Structures are given as C-alpha cells and as structure tokens.
Amino acid sequence: MSIAVAHAGANFAEVLYRQGLVDVPLPFVPGIEVSGHIRALGEGVEGLCVGQPVAALTMCTAVATRRW
C-alpha cells in the first residue's frame, strides 16, 4: 500500500536518532506514525480501497517523499 501522507509524527525516538544517540542505518528517513489516504494498493489487497483514510505505524520512512 502507498499512502498519500497528510500527517507524520516526530517523537522522542526520532529525536534520539537525529542526535546520534541511537544507531540507525543511513540514509535515515524519520517518521514512525503516519496518517493520510491510500494512494495505491498492491496486487491481491482486499478490504481497503484507494482514497480511504488510514493511519499506520511504520518502521520509519513515514515522512519520505515516496517509498513505493
């Protein structure tokens, strides 16, 4: 699924990453929480539709311009 991001969170974990107090692989794109609308769905995805509002917890990259 690809999300058109409306809001992305920056929390304490990202502050620690940016300060270099926690090792993260580089290049690092912050953002664990994200909300927006579904931009596209992968093949076989059921129960969701393009344009539907969603919120998600990611392993980072929530503020990426485009990941998928």
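**View 1. The loop that holds V45, and the nonpolar patch to which V45 belongs.** In this predicted model, V45 sits in the loop that links strand β2, residues 33-40, with strand β3, residues 53-57. Together with M1 and L48, V45 makes a nonpolar patch of about 230 Å² on the surface. V45 itself is partly exposed, because its relative accessible area is 36%, a value that falls between the limit of under 20% for buried residues and the limit of over 50% for exposed ones.

**View 2. E14, a charged residue of helix α1 that is buried.** E14 belongs to helix α1, which covers residues 12-18. Although E14 is buried, it takes part in no salt bridge, and the nearest side chain of opposite charge, that of R18, is 9.9 Å away. For a salt bridge, a side-chain nitrogen of Lys or Arg would have to lie within 4 Å of a carboxyl oxygen of Asp or Glu, so the 9.9 Å to R18 does not meet this condition.

**View 3. The polar contacts of the E14 side chain with backbone nitrogens.** What does the side chain of E14 reach at 2.7 Å? At that distance one finds the backbone nitrogen of N11. A polar atom of the E14 side chain also lies 3.0 Å from the backbone nitrogen of I32. When neighbours within four places in sequence are left aside, the residues in contact with E14 are G9, P30, G31 and I32, so that I32 appears both in this list and in the polar contact just described.

**View 4. V29 in the loop between α1 and β2.** V29 is placed in the loop that runs between helix α1 and strand β2. Is V29 buried, partly exposed or exposed? With a relative accessible area of 30%, V29 counts as partly exposed. The C-alpha atom of V29 is separated by 10.0 Å from that of M59, a residue that stands 30 residues away along the chain.

**View 5. The whole protein, shown as a setting for the close-up views.** The protein contains one helix and three strands, and, read from the N terminus on, these elements follow the order β-α-β-β. Of its 68 residues, 18% count as buried, and E14 is one of the buried residues. The protein exposes about 5000 Å², of which carbon and sulfur atoms supply 59%. Among the contacts between residues at least 6 apart in sequence, 62% join residues that are at least 24 apart.

Terms used
Residues are numbered from 1 along each chain as its sequence is written. This is a predicted model: local features need pLDDT of at least 70, side-chain atom pairs count only at pLDDT 80 or more; totals for chains, interfaces and linings use all residues. Side-chain values use heavy atoms; hydrogens and water are left out. Patches are made of residues with over 30% relative accessible area and no salt bridge: like charges are joined within 9 Å, nonpolar side chains (Val, Leu, Ile, Met, Phe, Trp, Tyr) within 5 Å. Accessible areas come from the Shrake-Rupley method with a 1.4 Å probe; for residues, only the protein chains shown count as cover. Helices (H or I, at least four residues) and strands (E, at least two) are DSSP runs, numbered from the N terminus. Buried means under 20% relative accessible area, exposed over 50%, partly exposed in between (1.4 Å probe, protein chains only). Contact means heavy atoms within 4.5 Å. Lys and Arg count as positive and Asp and Glu as negative; His and the chain ends are not counted. A polar contact is a pair of N or O atoms within 3.5 Å; within protein, one must be able to donate a hydrogen and the other to accept it, and residues adjacent in sequence count only if both atoms are side-chain atoms.
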